[in-house]
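Reader: Hi! Could you take me through one part of this structure, slowly and closely? I'd like to see how it sits among its surroundings.

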Amino acid sequence: MSGYLAGIVSILGINVIFAYGIYVTAASGQLNLGGAGFQAIGAYGCAIMSSVYGFSVWTSILIAMAIGGAIGFVIAFPILRTRGVYMVLATFAFAEVVAGIIINSEFLGGAVGLPLSDYVEVNAIIAATLLVILFVFYLMSTRVGLAMRAVHDDESVADLMGVNNRAIQVMSFALGGALAGLSGALYALYFGFVEVQYFNALLSIFVLLYVLIGGTQTAWGPLFGASFFTLVPEALRIGEDWRFFIFGVLIVAMMIFRPEGIVTRDALDRLWLRLAPGTRHG
Amino acid sequence: MAEPILQLEAVSKNFGGVVVLENVSFNVAKGSRHALIGPNGAGKTTLFNLISGVFPIDAGSIRLEGKNLEGTPSRRRIGLGMARSFQNIRLMPHLSVVENVMLGQHSNAGLSELLKPIGWLPRSRERLAALATLEAFGLDAHQGQVVGNLPYGVRKKIEVVRALVSSPRLLLLDEPAAGLNPIETAALRDFLIEVADSGVTLLVVEHDMPFVNSLCQHITVLNFGRLIYDGPAAGARRDKAVLEAYLGRRHAEDTTDAA
């Protein structure tokens, strides 16, 4: 694999994992606009574990995930007291607080950033991505996944069906934090350097758009969204400025034509019927 | 009266300054087919919401099989043997029919079953049970379809199926026949009689009086949040207060005079 291709595949893998981190919260009805904060926690957590404490690559990754998950778990409680746009603002504020702490911390390298001595190859990122994809598809096929989708659709009826909404929502935040943390750890290890400026508000917006434009109804949505927005600009050799323009046009087009995302349950059912009639069992 | 499964004693509920239910007391006998009727705004759905725990009661008590439900969270009530359907269909629009029905089984699922990939197992115990109940309602052909795309009458029936799969001992049905054509209504009545015969107690809110009269043996009537009749179904048709509530005083007098 050429260096260029390896770079694209790695970024794709990191973005897909990151998108799934946001998807698991969105699938249970909560919008997380603090993705960059969770990814930064994973990236810096991994950098510190690997470079300062000398843990192995995989131990550092696991600890970074655990930190992301634990922080997701803890902040879920205050954030879940808010609703709708206030929840979006609360998660956004969380990411800003994380960036603020990092930039003011000498231990974390401040504005200068932190170098890493270890690294991961593209094959490790591919393996991690495949595992995460498989895990999320598995999760969504379980009764927990069913409960998450029920909470997304109608919290009060889900409650009357016996679903513990609060447990589902807190679990989603913790799991989302762990997956975003994993994507941050892989980012840090692949690029060998972390700087807080990368984990900015625009990154949080982009990853949320991967998920929303891809679609939150099925686990295919974030895979499609992250792949589309990673690969198409590369294929068309579009620079950052045009990327914003395309995002803007796509958001407007999506609001008009596909308000529930590109990959919806209906669209998948129709595709399935065309490809393998009579095999779909719900 | 047979042993009660549900006991309401002096139940009251206010929303702000509006008294929605005032001192409502009645029992639902175990194994009975019991109707709760009344004009629009009588407080029927509010009473269902109090029984299922959507809102707390302001005064009085509600007991299920002798257990006071005060302090029992709404999500735990289904586990006590009580399930309900809704006046306005409240299915999960992005789930398929069979997934909606399997959601109804959630309260019976043990901890170990939470991570079983039921979506990947076409012959899992949960799916087969859901399909069997769908089949009993003639709905199995819709199993894989997303409910948001289905006609009103079909969705209404799926709500009943979803409530049934939790194996309730008390089934609260809020206008189950609304939107169904006469053939579907008759089929629903026959099915509900079968369900009741299997030991499930029915408490049904319904405006379709022929349906109520052919299904239920006992009727409770509410008007403006107060209980005005509680007795055999046949008696309600001759009760002056009930006739007044539905027809107005003048027409009620004409009707009772004619009788």
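Author: Happily! Eleven of the 13 residues of α5(B) are buried, so this helix is largely enclosed by the rest of the structure. Buried here means that 20 or more other C-beta atoms, placed from the backbone, lie within 10 Å of the residue's own. Helices are DSSP runs of H or I with at least four residues and strands are E runs of at least two, both numbered from the N terminus.

This is a predicted model, in which local features need pLDDT of at least 70, side-chain atom pairs count only at pLDDT 80 or more, and totals for chains, interfaces and linings use all residues. Residues are numbered from 1 along each chain as its sequence is written, while chains are lettered from A and ligands numbered from 1 in the order in which they are written.

Helix α5 of chain B spans residues 152–164 and reaches 19 Å from its first C-alpha to its last, close to the 18 Å expected (1.5 Å times one less than its number of residues). Its buried residues include B:Val154, B:Ile158 and B:Leu164, and also B:Arg155, B:Lys156 and B:Glu159. The cover over the buried residues of α5(B) includes the strands β6 (82–84) and β7 (170–174) of chain B, along with the helices α3 (97–103), α4 (125–136) and α6 (182–197).

Now for the chain around this helix. Chain B has ten helices and ten strands, and buried residues make up 45% of its 259 residues. Along the principal axes, the C-alpha atoms of chain B fill a box of roughly 65 × 40 × 35 Å.

How values were computed
Buried ≥ 20, exposed ≤ 12 C-beta atoms within 10 Å, placed from the backbone. Contact = placed C-beta atoms within 7 Å.
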